[in-house]
Amino acid sequence: MRRRAILGYGAPGVGAALMLFVGWWQVDGPGGPEPIGQRPVALTAMDFRLTDHEGNAVGPETLIGRPTMAFFGFTYCPDVCPTTLSDISGWLDDLGDEADEMNVVFITVDPERDTVETMAEYVGYFHPAIRGWTGPEEQIARVADGFHATYERVPTESGDYTMNHSASVFLFAASGRFVTMIDYHEPREFAVPKIRRALEEETEGAT
């Protein structure tokens with residue numbers, strides 16, 4: 001499993017690093033608001049049908065009743081997906097027993113290659129709480145639309161293809177209400193408190 005390296009900065013760069021950190025906090029980090037037009041709708045307002053990596057039928061109702069952490073990607077992803085799933089595994093380890101209270105789903109954007117069997121093998125390399133979801137292309141599109149996630153198929157020079165996709169992790173309360181997102185570059189010390197925020201949300205007030 002690949003994990004992101006933590007880069008250190010020497011004393012001469014402390015001031016610049018601090019300024020960059022403050023800017024990140026206010027724009028992309030916990031101190032910045034999510035753009036309203038890009039916020040996912042509540043899970044209770046979504047309508048899709050997929051299959052998990054054990055062959056079970058799943059939909060938005062599967063996620064209602066427990067906080068949810070969701071990430072879009074694909075098993076042929078060379079870097080972002082294994083890195084993020086490794087990060088999620090570390091966050092779940094940090095949560096300890098609280099991790100058992102969450103739904104954690106990895107939703108493919110490449111259903112042509114990511115069959116139920118492929119998803120089962122892939123999620124097996126990460127934390128056991130992570131569920132792999134796949135399904136027909138039109139249903140994947142419906143999920144992505146509800147989450148306001150983006151993805152596109154990109155041809156490669158070899159004649160194959162790869163996928164570009166949203167890299168953020170989505171957090172929902174047990175009610176299905178969207179809480180916040182964890183950015184791909186977000187440090188663990190901010191990611192885990194965001195997850196705890198979702199865990200602490202009341203189950204009332206879904207929109």
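Helices here are DSSP runs of H or I with at least four residues, strands are runs of E with at least two, and both are numbered from the N terminus. The model is predicted.

1. **Overall.** The protein chain has six helices and nine strands. Of its 207 residues, 46% are buried. Take the contacts between residues at least 6 apart in sequence: 71% of them join residues at least 24 apart.

2. **The annotated site.** An unreviewed UniProt entry carries a "binding site" annotation on Cys77, Cys81 and His165. These residues span 89 residues in sequence, yet no two of their C-alpha atoms are more than 10.1 Å apart, so they gather at one spot. The annotation may be inferred rather than shown by experiment.

3. **Cys77.** This cysteine sits in a loop, with strand 3 (68-73) on one side and helix 3 (80-95) on the other. Is Cys77 buried or exposed? Its relative accessibility is 9%, and the cut-off for buried is under 20%, so Cys77 counts as buried. Leaving out residues up to four places away in sequence, Cys77 touches Pro82 and His165.

4. **Cys81.** Cys81 belongs to helix 3. Its relative accessible area is 0%, so Cys81 is buried. Residues up to four places away in sequence aside, Cys81 touches Phe71, Gly73, Phe74, Tyr122 and His165. His165 is thus named among the contacts of Cys77 and among those of Cys81. Of these partners, Phe71 and Gly73 fall within strand 3, which runs 68-73.

5. **Helix 3.** Helix 3 has 16 residues. From first C-alpha to last it reaches 22 Å, close to the 22 Å expected at 1.5 Å a residue. Of the 16 residues, 13 are buried, so helix 3 is largely enclosed by the rest of the structure. Just after helix 3 comes Gly96, with a positive phi of about 65°.

6. **Helix 6.** Helix 6 covers residues 188-200. It has 13 residues and reaches 18 Å from its first C-alpha to its last, close to the 18 Å expected at 1.5 Å a residue. Which residues of helix 6 are buried? They are Phe190, Ala191, Val192, Lys194, Ile195, Ala198 and Leu199. Lys194 is on that list, and lysine is classed as charged.

7. **Packing of helix 3 on helix 6.** The two helices pack at an angle of about 65°, with their axes 10 Å apart. Their crossing is right-handed. Helix 3 brings Gly90, Trp91, Asp94 and Leu95 to the contact. Helix 6 brings Arg188, Ala191, Val192, Ile195, Arg196 and Leu199. By class, the contact has six nonpolar, one polar and three charged residues. An α-helix has 3.6 residues a turn, so residues three or four places apart point the same way. Ala191, Val192, Ile195 and Leu199 take part in this contact and are also listed as buried in helix 6.

8. **Ala99.** Beyond helix 3, Ala99 is placed in the loop that leads to strand 4. Its relative accessible area is 3%, so Ala99 is buried. Ala99 and Pro67 are 32 residues apart along the chain, and their C-alpha atoms are separated by 9.8 Å.

9. **Thr115.** The loop between strand 4 (103-108) and helix 4 (116-123) holds Thr115. Thr115 is partly exposed, with a relative accessible area of 33%. How many residues separate Thr115 and Thr51 in sequence? The count is 64, while C-alpha to C-alpha they are 9.5 Å apart in space.

10. **His148.** Check the backbone here. The phi of His148 is near 55°, a positive value in a residue other than glycine. His148 lies in the loop between helix 5 (137-147) and strand 6 (151-155). At 35% relative accessibility, His148 counts as partly exposed.

11. **Arg153.** Strand 6 contains Arg153. At 48% relative accessibility, Arg153 counts as partly exposed; the cut-off for exposed is over 50%. Arg153 and Met163 are 10 residues apart in sequence and 4.7 Å apart in space, C-alpha to C-alpha. Which residues are in contact with Arg153, once its neighbours within four places in sequence are left aside? They are Glu112, Tyr161, Thr162 and Met163.

How values were computed:
Residues numbered from 1 in each chain as written. Predicted model: local features only at pLDDT ≥ 70, side-chain atom pairs only at ≥ 80, totals over all residues. Heavy atoms only, no water. Buried < 20%, exposed > 50% of the residue type's maximum accessible area, 1.4 Å probe, protein only. Contact = heavy atoms within 4.5 Å. Axes fitted to C-alpha atoms, helices over the stretch in contact; angles between N-to-C directions. Left-handed = near helix turned anticlockwise from the far one by under 90°. Expected span 1.5 Å × (residues − 1).
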